[in-house]
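Let's walk through this one together, with the rings as our starting point and the packing after that. Keep the model open and follow along.

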Amino acid sequence: MTATLNGTNGTNGANGTSTTVNPHAPKYQDSLSRVHNWSIIESTLREGEQFANAFFDTETKIKIAQALDDFGVEYIELTSPAASEQSRSDCEAIAKLGLKAKILTHTRCHMDDARIAVETGVDGLDVVIGTSSFLREFSHGKDMDYITKQATEVINFIKSKGLEVRFSSEDSFRSDLVDLLSIYRTVDKLGVNRVGIADTVGCANPRQVYELVRTLRSVVSCDIECHFHNDTGCAVANAYAALEAGATHIDTSVLGIGERNGITPLGGLCARMYVANREYVMGKYKLDKLRDIENLVADAVQIQVPFNNYITGYCAFTHKAGIHAKAILNNPSTYEILKPEDFGMTRYVSIGHRLTGWNAVKNRVQQLGLSLTDADVKAVTAQIKVMADVKPLNIDEVDTLLRRFHDKVQDGAVNSPAPPADMVAN
């Protein structure tokens, strides 16, 4: 019998029970960590609508919501119904779909917005108001006393309707810590389901995130949601740090689309958390659906999935250097932390280039069912390198070369044949 320790390093168990240790887990697990128990609030249909190219009609919104629900996200967040009449209508339509995911809408901490939102059939409201000095001075112009009073009124109203409610500050990491903890303590006592931290401008780093979430965890008893913008490239790392410190919910969007450079990408978070606890992530989410969801959203906003996208980018499981290719063919774990098959993906070993190695070429020879000795493979690899110094070869060109080489060997040629002239030409 084997017990799997996904999150912590450990020793052999008692009574002969062996343990399988995750080598990527921290040596000592933080007592408040939620790395192995967290939820996704998927915001493609709210934050994603703020992406420069985004325009989702009702049909597209429904397709995206259904795809995210099938993937397994726990929450789907929608644009405020107060934003426009169509936004309100779409909110109602998605709330009526009967999805497994809870449907939330994101609104200002204002009674006018709340009154509209509670009538749409959603499961909960995510209310937000700016708390930094920047936003208090240049956005809504309200002081903390006003914010506290407004939050109390709105939260009590939402709770009276029997709906979930999250209260979030905006621009949390540029807000005064005393102000933050005071407002969070107040709303926690009112009985909110979650409080939210938002790195609205993407200025926070993982250490700052850990410290703020850890401090907040000691102040409130409710769940903690985190929203990280990616302006400085820390969104995924910040999400992980937040979970380590005790956060419970992470906001994501497909391909990370959103205002400016967007937020924590769904695929990026899944990749990071898969490494922390593969079984947990695979048990919660249909990872093989990720590529289809990303293609759906990419088409809707008229962009291409980036070549280096987490998991689904066309280079994600492509191996090129000869030393890498040899090790991958012997044991994929040597250069892959993610198993492509777990995500419905396949690896590709590129061989039509000057960096190729004979082990990678031999693997292709075997795939083609050709009979060549190691010496033959090394000879044809040398030819590939010569030709690839002129231009890279695509897989069809490599296969043609290998078959011609094989035919000449079978015909009894003693010396390695020269590269075909038509393949050397540009």
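Search the whole of this predicted model and four aromatic pairs turn up. Take W38 and Y285 to begin with: their ring centres sit 5.8 Å apart and the planes make an angle of 35 degrees, so the pair counts as tilted, since stacked would need under 30 degrees and edge-to-face over 60. In sequence these two are 247 residues apart, and the pair links distant parts of the chain. W38 belongs to the loop between β2 (18–21) and β3 (39–42), while Y285 is in the loop between α10 (278–284) and α11 (290–300). Both W38 and Y285 are buried.

Another tilted pair is Y274 with F343, at 4.9 Å centre to centre and 50 degrees between the planes. Y274 comes from helix α9 (residues 266–276) and F343 from the loop between α12 (322–330) and β12 (348–349), so this pair ties together parts that are 69 residues apart in sequence. Again, both partners, Y274 and F343, are buried.

Back to W38, which has further company: together with F71, Y280 and Y285 it makes up one aromatic cluster. The ring of W38 also has a charge over it, with the charged end of K284 4.8 Å from the ring centre. You'll find a similar arrangement at Y240, where the charged end of R272 sits over the ring, 4.6 Å from its centre.

Now for the nonpolar packing. The largest core has 92 residues, and within it I76 and F167 touch the most other members. Helix α9 supplies the largest share of this core, eight residues. Zoom in on F167 and, leaving aside residues up to four places away in sequence, its contacts include C109, V127, I129, A151, I155 and I183, as well as Y184, V187 and V192. Apart from the largest core lies another one, of 19 residues, with A325, I328, V349 and V380 among them.

Finally, have a look at helix α7 (residues 206–217). Its 12 residues reach 16 Å from the first C-alpha to the last, close to the 16 Å expected at 1.5 Å a residue. Which residues of α7 are buried? They are V209, L212, V213, L216 and R217. These cover an arc of only 135 degrees around the axis, which means they lie on the same side of α7. And what do the buried residues of α7 pack against? Their partners are two helices, α6 (177–190) and α8 (235–245), along with the strands β8 (194–199) and β9 (223–228).

Definitions and conventions: Residues numbered from 1 in each chain as written. Predicted model: local features only at pLDDT ≥ 70, side-chain atom pairs only at ≥ 80, totals over all residues. Heavy atoms only, no water. Phe/Tyr/Trp six-rings, centres within 6.5 Å; stacked < 30°, edge-to-face > 60°. Helix = DSSP H or I, 4+ residues; strand = E, 2+ residues; numbered from the N terminus. Buried < 20%, exposed > 50% of the residue type's maximum accessible area, 1.4 Å probe, protein only. Lys NZ or Arg CZ within 6 Å of the ring centre and 35° of its normal. Core = buried A, V, L, I, M, F, W, Y, C linked by side-chain atoms within 4.5 Å. Contact = heavy atoms within 4.5 Å. Expected span 1.5 Å × (residues − 1). Arc of directions from axis to C-beta.
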